[in-house]
Amino acid sequence: MDAKTAIRDIHKGNIQPVYVCYGTEKYRMEEFVQTLINKLIEEEHRDFALSKYDLGEVPIDTVIDEAQTLPFLVPRKLIVVRDPSIFMAGGKESGKIEHRVENLMSYLNSPAEYSVIVFMIQGEKLDERKKVVKAIKDKGAVISFMPLSAEELLKWVEKEAEKNGSRMAPQVADVLVNHAGTHLQTLAAEIRKLSLYVGTGGTIEVQVVKELVVRNTEQNIFALIEEIANLRVDRALSILYDLLKQREEPIKIIALIARQFRIMLQVKELTRQSYSQQQIASQVGLHPYAVKLASEQARKFEAERLAAILSSIAELDYEIKTGRRDKVLGLELFLLRLAAS
């Protein structure tokens, strides 16, 4: 089941007795749990109708006992369970804390009508070989919270602005992600700030984003390389000097530049092999939106040139670390040669 379908069902009152939420998008997972809390429990009842457990600290039997205990003064209660390694590959079902998983499987056959259990797992996949995973798929709802595609991310940004009472002019979502990165929690905070600035019903324009959203170091490196790729050396050097004013260490800047060119080379090669953006993202451990941007940048370079640039960066790094070259001067000369080649 996908998150949208699950949330739609929750709003309709079709609530499953057990949910297993897994994936790397913690922010969306937390949003889903909050939706369940809002639907099931009045705010004044949450102190005694909402329970939270960590399976790194308590056995699964404690969770089952809680689920089978009648709620107090409310028709339903919610139990949120973190660190459920019993569903994961390599997860220990015994050791410091004994988890009798067979008891959970028995509970799934006859779950309490007055309890809802939500397992929250920070991981890319469940261990499909485990009986408990097969049982949970048959009896409950398994929901994946993996990174949004590039297109989905931009739509999410626009909808988040609407939730905050503002709207976005065309292309603004793209500019915001370029400035703030792909972490949803960071984006949500920036959108709240921008929405407050333009006021209810206001429109967030590109210029407002550029004025109010400060790029992090990685986003600045991306912008620097973009300026080099478009032969705008003065702008690239301006970004470099801004980074140095922020006391960013030149060695760190060099490492991030190398990382970005390495990503571009990987993306270029995997694209040549007909991998999709989602597949590339999984292969190189990046957000799909970052893959999209790297792919656009990589088109401006031949693979041989990217490999040569990486070799030059490695040489520069060696010269600086051995004291043969000044850090700042070395970076400046590298960018100038890169733009001229």
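**Sheet arrangement and loop residues with positive phi**

In the predicted model, helix α2 (residues 26-40) lies across five strands, namely β1 (18-23), β2, β3, β4 (115-122) and β5. The helix runs at about 170 degrees to β4.

The five strands form an open sheet, with the order β2-β3-β4-β1-β5 and parallel pairing. The edges are occupied by β2 (50-54) and β5 (141-145); each has a single partner strand, so one side of each is left without a neighbour in the sheet. Neighbouring strands of this sheet are turned by 20 degrees against each other on average, direction ignored. Strands of a sheet pair through backbone hydrogen bonds, in either a parallel or an antiparallel manner. For the edge strand β2, the pairing with β3 (residues 77-82) is parallel and consists of five bridges. Within this pair, Y53 stands opposite V81 of β3.

Positive phi values in residues other than glycine were computed for R247 and S274. For R247, phi is near 65 degrees. R247 is located in the loop that links α12 (233-245) and α13 (250-272). With a relative accessible area of 78%, R247 is exposed, because the threshold for this class is over 50%.

For S274, phi is near 70 degrees. The loop between α13 and α14 (277-284) contains S274. The relative accessibility of S274 is 65%, and the residue therefore also counts as exposed.

Terms used: Residues numbered from 1 in each chain as written. Predicted model: local features only at pLDDT ≥ 70, side-chain atom pairs only at ≥ 80, totals over all residues. Heavy atoms only, no water. Pairing = 2+ DSSP bridges. Helix = DSSP H or I, 4+ residues; strand = E, 2+ residues; numbered from the N terminus. Axes fitted to C-alpha atoms, helices over the stretch in contact; angles between N-to-C directions. Contact = heavy atoms within 4.5 Å. Buried < 20%, exposed > 50% of the residue type's maximum accessible area, 1.4 Å probe, protein only.
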